[in-house]
Amino acid sequence: MVAVIVILVIVVVLVVACISIYNGIVQKRNRVDNAWQNIDANLQRRNDLIPNLVEAVKGYAKHESGTFEAVTEARAAVAAAPDPQAAMEASDMLTGALRRLFAVAEGYPDLKASANFINLQQQLDETENRIVYARQSYNDCVYLYNTAIQTFPGNLVAGVGHFTAKDGFNVADDSVRDAPEVRF
């Protein structure tokens, strides 16, 4: 009788442990998804600011249509990205296009002094900083999730639960690592 009770206790402890591990992995996966939603919200905020910025610059630099088209195309690519990695790659292209747009703006002192342009530039700078922070948070969440599903005993539960590793964000262009920071 004692042996049966001991076996039942062990089984109950194992079941509770497996449930706890499973729930922990689900929480970590949900944190990864939430972190991506934060990035996505900031990308959308930036996309919403861009038409106003382009219009402000267009009024001063009508002959810079190639730059405006590059910004518009990159913005559309971010909006149409099918997954987080594609969205961040498109976002990097958009950042480059915006840098070219701000370089155009440098040639127009009246534009640089415009309160509307300055406000848009500050909002965009703030949004870029939020995106950087959100990427870091996403990578932290991915790290915790991947560690949970790849270490024992989580890997046993993850295998049964069909949890798969997530990819964090990496620098797409190695030259960016050596480039000085460019602020908007």
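**Close-up views of a predicted model**

**View 1. His 162, in the loop between α6 and α7 (175-178).** This is a predicted model, like everything else in these panels. Look at the backbone here: phi of His 162 is near 60°, which is a positive value in a residue that isn't glycine. Most residues other than glycine have a negative phi. As for the surroundings, His 162 has 68% relative accessibility, and since anything over 50% is called exposed, that's the label it gets.

**View 2. The cis peptide bond from Phe 152 to Pro 153.** Omega sits near 0° for this bond. Most peptide bonds are trans. Pro 153 itself belongs to the loop between α5 and α6, so the next panel takes in the two helices on either side of that loop.

**View 3. Helix α5 (residues 115-150) against helix α6 (residues 154-161).** The two axes come within 5 Å and cross at roughly 95°, so α5 and α6 are roughly perpendicular to each other. On the α5 side, the contact uses Ala 148, Ile 149 and Gln 150; α6 brings Gly 154, Asn 155 and Ala 158. Sorted by class, that's 3 nonpolar and 3 polar residues, with no charged ones.

**View 4. Helix α2 (residues 65-80) packed on helix α3 (residues 84-106).** Here the angle is about 160° and the axes are 8 Å apart. Angles over 145 degrees count as roughly antiparallel, so that's how α2 runs relative to α3. The crossing of α2 past α3 is left-handed. From α2, the residues in the contact include Phe 68, Val 71, Ala 74 and Val 78; among their counterparts in α3 are Met 93, Leu 94, Leu 98 and Leu 101. The class tally for this contact is 14 nonpolar, 2 polar and 2 charged residues.

**View 5. Asn 47 in helix α1 (residues 2-58).** Is this residue buried or exposed? Asn 47 is buried, because its relative accessibility is 3%, and the cut-off for buried is under 20%. Setting aside neighbours within four places in sequence, Asn 47 touches Arg 75, Val 78, Ala 79 and Leu 94. Arg 75 and Val 78 also turn up in the α2 side of the contact in View 4, and Leu 94 in the α3 side.

**View 6. Cys 18 and Cys 141.** How many disulfides does a search of the whole structure find? The count is 0. Cys 18 is partly exposed because its relative accessibility is 42%, whereas Cys 141, at 15%, counts as buried.

How values were computed: Residues are numbered from 1 along each chain as its sequence is written. This is a predicted model: local features need pLDDT of at least 70, side-chain atom pairs count only at pLDDT 80 or more; totals for chains, interfaces and linings use all residues. Side-chain values use heavy atoms; hydrogens and water are left out. Axes are lines fitted to C-alpha atoms, for helices over the stretch in contact, and angles run from 0 to 180 degrees between N-to-C directions. Angles under 35 degrees count as roughly parallel, over 145 as roughly antiparallel, 65 to 115 as roughly perpendicular and the rest as oblique. A crossing is left-handed if the near helix is turned anticlockwise from the far one by less than a right angle, and right-handed if clockwise. Contact means heavy atoms within 4.5 Å. Ala, Val, Leu, Ile, Met, Phe, Trp, Tyr, Cys and Pro count as nonpolar, Asp, Glu, Lys and Arg as charged, and the others, Gly among them, as polar. Buried means under 20% relative accessible area, exposed over 50%, partly exposed in between (1.4 Å probe, protein chains only). A disulfide is a pair of cysteine sulfur atoms within 2.5 Å.
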